[in-house]
Amino acid sequence: MKNDLSVLSDLAPTRRQLLGLGLAFAGAAAINLVPGFQLLASAQAAVPAAAQKIADHFSAVKSMSGEFVQFGPKGEQTGGKFFLERPGKIRFNYDGSSNFKVISDGKSVVILNKKMNTSDLYPLSKTPLKLLLDDRIDLSGDRVKSVKQEDDLTTIQLSDKSVFGNARITMMFDPKTYDLRQWTITDAQGKDTTVMIFNTKEGVSFAPDTFAIDYTANRELNTKTR
């Protein structure tokens with residue numbers, strides 16, 4: 001990215017907060033795991049049946065909309081509305097005068113800042129957000145780093161080091177309804193950003209351009225600003 005997003009208005013998400021939506025990239029040293037997690041001993045360790053059932057349930061949610069509140073590593077708080085459609089599509093419309101938008105069309109993720117007139121593009125496949133948006137939440141192999149089951153919460157932590165390095169995504173579900181409550185992205189430096197969702201609706205329909213990325217405009221804008 002070319003611009004320091006942290007100089008924007010109070011309600012604008014910082015650069016790290018935006019990365020916390022799932023745009024955490026490879027690099028840097030290994031991170032510290034979230035305290036209290038029960039680590040799976042190896043790639044061959046059995047994933048609890050309840051965890052797989054929750055993952056399958058969430059995978060079956062093909063579309064969803066709602067509101068979100070996002071907390072950065074230093075407690076920074078932002079919010080707005082989100083729209084999700086499997087596979088690979090999501091959109092975050094941030095509240096506030098900064099007019100931030102983060103959009104994934106299934107192939108790429110773009111961060112739009114109309115106030116600063118910037119448009120930054122990344123491959124979805126290189127972000128932990130991909131694990132959240134896959135057609136099926138895959139708990140096989142070594143991508144499952146930990147599973148923690150409690151009476152009021154089931155927590156599943158995933159990563160794919162071969163794709164996006166040391167970044168991880170930790171998803172938290174209601175063990176009774178199987179609803180997704182929140183997720184946390186831990187970047188390569190071990191910094192956490194959490195997104196809590198609420199007032200959600202499933203099985204919703206969206207306008208055709210909801211997840212559209214204007215690649216021509218992105219290319220032209222970045223050509224002009226070089």
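User: What makes E7 and E8 a pair of strands in this predicted model?

Analyst: Strands are DSSP runs of E with at least two residues, numbered from the N terminus. Two strands pair if DSSP finds at least two bridges between them. Strand E7 (residues 144-149) and E8 share five bridges, so they meet that definition, in the antiparallel sense. In one of these contacts, Ser146 stands opposite Gln157 in E8. E7 and E8 also form a hairpin, with four residues between them.

User: Which bridge partner does Gln157 have in E9?

Analyst: That partner is Thr170. Strand E9 (residues 168-173) runs antiparallel to E8, and five bridges join the two.

User: Why is strand E8 called largely enclosed?

Analyst: Buried means under 20% relative accessible area, exposed over 50%, and partly exposed in between (1.4 Å probe, protein chains only). Five of the five residues of E8 (residues 154-158) are buried, so the rest of the structure largely encloses this strand. Thr154, Ile156 and Leu158 point one way, Thr155 and Gln157 the other way, and all are buried.

User: What makes E6 and E7 the edge strands?

Analyst: The open sheet has 11 strands in the order E6-E5-E4-E3-E2-E1-E11-E10-E9-E8-E7, with antiparallel pairing. Strand E6 (118-123) and E7 each pair on one side only, and that makes them the edges.

User: How were the residues numbered and the values filtered?

Analyst: Numbering starts from 1 along each chain as its sequence is written, and side-chain values use heavy atoms, leaving out hydrogens and water. As this is a predicted model, local features need pLDDT of at least 70 and side-chain atom pairs count only at pLDDT 80 or more, while totals for chains, interfaces and linings use all residues.
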